[in-house]
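This briefing goes through selected features of one protein chain, grouped by topic. Please keep the sequence and the model open while reading.

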Amino acid sequence: MMIQRKKINWPLLIGAILVGFMLFLAAFGPSFAPQNPMKENYTLKVDGKIRVPPYPAFEVPGYYLGTDRYGRDLFSRILWAVRPTMIMVISVAGVRLILGLILGMVIGWSEGRKSRFLESLLSTALSIPILIAALIGIFMIGVDRGLWAFIFGLGLTGWAETARMVSEQTRMIKTQTFVEAARALGASDRRILSSHVLRQIMSLLWMLLAFEISSTLLVSAELGFLGYYIGGGIWVEISDFNAVNVEGLPELGQMISSSLIKITDPSTLIIVGSVIGIGVLGFNLLGEGLRRRLSQEWLRGGRRFRFLTETAEEWLEENVLRPVLFWMESHRTALGIASVILIILLGSWLTFKSLYVKPLIAAETPIANSALKHLWAADRSDASGTMWVPVSLDSAPQLLWTVPLANGAAGRPSVKADGTIIISSRDKKLMAVKPDGTILWEAPLDEIAIGSPALDSNGRIIVADVKGSVTAFDENGNRLWRTLASTGREATSGPIVDAKGNIYLTVVDTVAALSPDGVVLWRTQAAETYLEEPPRLSPDQSMIFLKNSAIEASTGALKKIELAPPQELLFTDPSFFSGANGVNYYRLGHEIIGWHFEGAELKIDSRQTWVHEGTVLLLPYDQGVTAGGLTWFYYTMFGAETRMIWLDAESRVIGNYSFRNPNPKVIAIGNNGEAILCGSVTVRVNCINIPPGVDDPTWEISIESPTLLLGGAMVPDRLYLLLEDGLYALESQEKQP
């Protein structure tokens, strides 16, 4: 007898390959990404010329598919983007399939007036475009709710196609003889539906799931093109009638929303759209292949695998296919429950990743545990220049007292461990002020001081002056020594002191180091421009940072630390700095890179950035990382608004605040990441306390004074502001325990 041969089920074969490819990318794609998907490249050298993004495909080494408009590697972003997109569409498709299955069985089983009413509702749901219904549903829930908004929006009417097919199958099955027999034996409708009808429909579920995933993926791409995607669709107001769409971590819907840069160059859109097209095509073919596989024509017999010998095919059928199918049939209930649980877990995980923000808990760090136990030890709170202090002022402080300075103040304040405030004046005096506002002692200076006095672990006070000299005083104001730290040039910053008592300060473009006894140890040119910021100690105090230079603290030798190719340093104002969490950082444009050494090998710990385009005009003026790992950027320009940006560890923007006072100063970053900003306006100084993630400050205060703000310090329950006309002490009404 001739064996009937079948044609190969090409849709099933090709669809399975494409779907397998998409699932492989979802599972392992990020591990193959050659670049950081969030890293922005504002300038790269292409064919010997400096060019700006977007960069075309295959023209820049290491960027196989080119970049988007922010210079982020498109190939790496696609490898990262498939996973969240697939989790989202599978979760939504699973919910739609369950709804369609349940409602379809109810509609197909019902009769009479109830049947006609339910059929009319089903027809109405089918007549509403899924895209319109999805937009309405997402708007009702709020796109900021992440996965739940998309489950609701895409499931609002998306179940209707499945329900129609299931209802038709249910009507056909309920006329079968075995259903009549079950009813004659006294089985209830619920019993017949669960034990007989559902059993017959279960074979369709994999086919229906494939079609649902394909449909969901296509609609999610359409929503992405309209600006609605997981974690996105949030608009941030820049100014009146001007807003930008915040783009977060890579996801295919988000990527397609920002792919069309200009109508004459749709290359990025074509690349991202092709990936989505592969997924849609794969699941459609898989669904069609499964439909053919379940058809009567296929089930009538014949060979299923023409490329195998008859013996191999018989072995495969007897030992693999039939046992698997029998096992799935006998465990269908457990498999169904497991599938639902898996869908819920995956959806919950994506929601967690989209919405969870790590708590801002202060950690014990090398900086917090250093020998410098003073409340405010230098210009920027500590010798590492973190600006972070382990205190918060939750209620608005009120003016407690003032210490007028007739000839004007100089530099900024420092605060000792016992609460004594150290300030200097323009009449060449160093002053110690008790916490109650009375002057404890005064000491003469040879020149006008600059910056904050630095406090060491032995209670000494170190002062730099405009002539480039450094003077040391004991805790009672007695002079210990005075040394010329420069070679005739003025000092341009206050000093900092390490745990051993060594002193460092900036002299125009050079860092000078002195021993605890005032002996000059070394001088190293660290910049090619005039700088007024103090140097910063690395968290382990082995290096000194000044802008883009890292110096060995022990020898003064410049360290060669290459965290980016030279061509990427153009127009990015790179800077080394220390985080309050004890990590070395490097800012490159709007990107923060965490790094450390393992022996002599440089290791990258983290990379963080945010979508700044359209929000800020210039590079950050200052930046830092709190003890809890919260990254902050401070943007300001003279005469314009100031903006504070906060990022969590996943590079999500959790705070974006604009302070419209011209050119304010960052006084401190509090224990919970809040920023204390103060700025002078005509005859007063305005201060605010703005935590990350809120629209309005926790408190605002004003101090009446026609003079400029020089600086300040935040300590437990107190905020000290040094203006040109004197020292102002403000105390919180709700004191911390």
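Tyr621 is exposed, with a relative accessible area of 62%; exposed stands for over 50%, buried for under 20%, and partly exposed for the range in between, using a 1.4 Å probe and protein chains only. The model is predicted: local features need pLDDT of at least 70, side-chain atom pairs count only at pLDDT 80 or more, and totals for chains, interfaces and linings use all residues. Residues are numbered from 1 along each chain as its sequence is written, and side-chain values use heavy atoms, with hydrogens and water left out.

**The chain as a whole**

- The chain holds 14 helices and 36 strands; both are DSSP runs numbered from the N terminus, helices being H or I with at least four residues and strands E with at least two.
- Of the 737 residues in the chain, 52% are buried.
- Among contacts with a separation of 6 or more, 56% are between residues 24 or more positions apart, where contact means heavy atoms within 4.5 Å.

**Aromatic pairs**

- The whole structure contains 14 aromatic pairs. Rings of Phe, Tyr and Trp (its six-membered ring) pair if their centres lie within 6.5 Å; planes under 30 degrees apart count as stacked, over 60 as edge-to-face and the rest as tilted.
- One of these pairs is Trp595 with Phe597, edge-to-face at 5.6 Å centre to centre and 85 degrees between the planes.
- Trp595 is buried at 1% relative accessibility, whereas Phe597 is partly exposed at 30%.
- Tyr621 and Tyr634 have ring centres 5.9 Å apart and planes at 80 degrees, so this pair is edge-to-face.
- Tyr621 lies in the loop between strand 25 (601-608) and strand 26, and Tyr634 lies in strand 27 (residues 631-635); the pair links distant parts of the chain, 13 residues apart.
- Unlike the exposed Tyr621, Tyr634 is buried, with a relative accessible area of 2%.

**Aromatic cluster and a charge over a ring**

- Phe545, Phe576, Tyr586, Trp595 and Phe597 belong to one aromatic cluster.
- Lys559 has its charged end over the ring of Phe597, 5.1 Å from the ring centre. The criterion is NZ of Lys or CZ of Arg within 6 Å of the ring centre and within 35 degrees of the ring normal.

**Sheet with strands 26 to 29**

- Four strands form an open sheet in the order 26-27-28-29, with antiparallel pairing; two strands pair if DSSP finds at least two bridges between them.
- Strand 26 (622-625) and strand 29 (653-659) are the edge strands, each pairing on one side only.
- On average, neighbouring strands of this sheet are turned by 10 degrees against each other, direction ignored. Axes are lines fitted to C-alpha atoms, for helices over the stretch in contact, and angles run from 0 to 180 degrees between N-to-C directions.
- Strand 28 (residues 642-647) runs antiparallel to strand 29 and is joined to it by six bridges. Thr642 stands opposite Phe659 in strand 29.

**Sheet with strands 14 to 17**

- Another open sheet of four strands has the order 14-15-16-17, with antiparallel pairing.
- Its edge strands, each pairing on one side only, are strand 14 (496-497) and strand 17 (520-525).
- Five bridges connect strand 16 (residues 510-514) and strand 17 in the antiparallel sense. Val511 has Thr524 in strand 17 as its bridge partner.

**Helix 9**

- Of the 21 residues of helix 9, 15 are buried, and the helix is mostly covered.
- Gly227, just after helix 9, takes a positive phi of about 95 degrees.
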